[in-house]
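Here is a set of questions about how labels are earned. Each answer sets a value against its cut-off and concludes.

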Amino acid sequence: MTDAAPPDALVREIKELIIEALMLQDMTPEDIDPEAPLLVEGLGLDSIDVLELAMAIGKKYGVKTRADDAQNRHIFASVTNLARFVAEQRAAAIS
């Protein structure tokens, strides 16, 4: 993954997708810090949440992660990392 900043619109879409996929009715996209950890501290997602989020990302963006991918911890570390991964995978699929 590169360190290029993902588009702001994609970051917001992913925040909305997190809220929708994980049924976090009491949250808004503004409540989610794009740099905060998604796992354990921060948003506090567990492995089941990450699996549900990965499926929602795959369905919405056509981007797949593999369960055995060593990069998953990095990909799902924050909204920014997740948005960066989605942007890179979509760009790679186009080229």
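Ala, Val, Leu, Ile, Met, Phe, Trp, Tyr, Cys and Pro count as nonpolar, Asp, Glu, Lys and Arg as charged, and the others, Gly among them, as polar. The model discussed here is predicted.

Q: What makes up the lining of the largest pocket by class?
A: Six residues are nonpolar, three polar and three charged. The lining includes Val 50, Leu 51, Gly 58, Lys 59, Arg 66 and Phe 76. Gly counts as polar and Lys as charged. Helix H2 (residues 47–61) gives the largest share of this lining, six residues. The volume of the largest pocket is about 210 Å³.

Q: Why is Arg 84 called buried or exposed?
A: The cut-off for buried is under 20% relative accessible area. Arg 84 has 10%, so Arg 84 is buried. Arg 84 belongs to helix H4 (residues 79–94).

Q: What makes the pair Arg 84 and Asn 81 a polar contact?
A: The limit for N or O atoms is within 3.5 Å. The side chains of Arg 84 and Asn 81 are joined at 3.2 Å.

Q: Why is the link between Arg 12 and Glu 16 called a salt bridge?
A: A side-chain nitrogen of Arg must lie within 4 Å of a carboxyl oxygen of Glu. For Arg 12 and Glu 16, the closest N and O atoms are 3.2 Å apart, so the pair qualifies. Both sit in helix H1, four residues apart, so about one helical turn separates them.

Q: How do you know that Glu 30 and Arg 12 form a salt bridge?
A: Their N to O distance is 2.7 Å, and the limit is 4 Å. Glu 30 lies in the loop between H1 and H2 and Arg 12 in helix H1, so the pair ties together parts 18 residues apart in sequence. Arg 12, Glu 16 and Glu 30 are thus linked in a network of salt bridges.

Q: What accessibility class does each residue of that network get?
A: Over 50% is exposed, under 20% is buried, and partly exposed is in between. Arg 12 has 36%, so Arg 12 is partly exposed. Glu 16 has 35% and is partly exposed. Glu 30 has 57% and is exposed.

Q: What makes the phi of Met 23 and of Val 40 notable?
A: Most residues other than glycine have a negative phi. Met 23 has a positive phi of about 50°, and Val 40 has one near 55°. Met 23 is placed in the loop between helix H1 (8–21) and H2, and Val 40 is in the loop between H1 and H2. Met 23 has 57% relative accessibility, so Met 23 counts as exposed. Val 40, at 67%, is exposed.

Terms used: Residues numbered from 1 in each chain as written. Predicted model: local features only at pLDDT ≥ 70, side-chain atom pairs only at ≥ 80, totals over all residues. Heavy atoms only, no water. 1 Å grid on protein atoms, 1.4 Å probe; cavity = no way out; pocket = protein on both sides within 12 Å on 5 of 7 lines; lining within 4 Å. Points joined across faces, edges and corners; volume = space filled by probe spheres on them. Helix = DSSP H or I, 4+ residues; strand = E, 2+ residues; numbered from the N terminus. Buried < 20%, exposed > 50% of the residue type's maximum accessible area, 1.4 Å probe, protein only. Polar contact = N/O pair within 3.5 Å; in protein donor to acceptor, adjacent residues only side chain to side chain.
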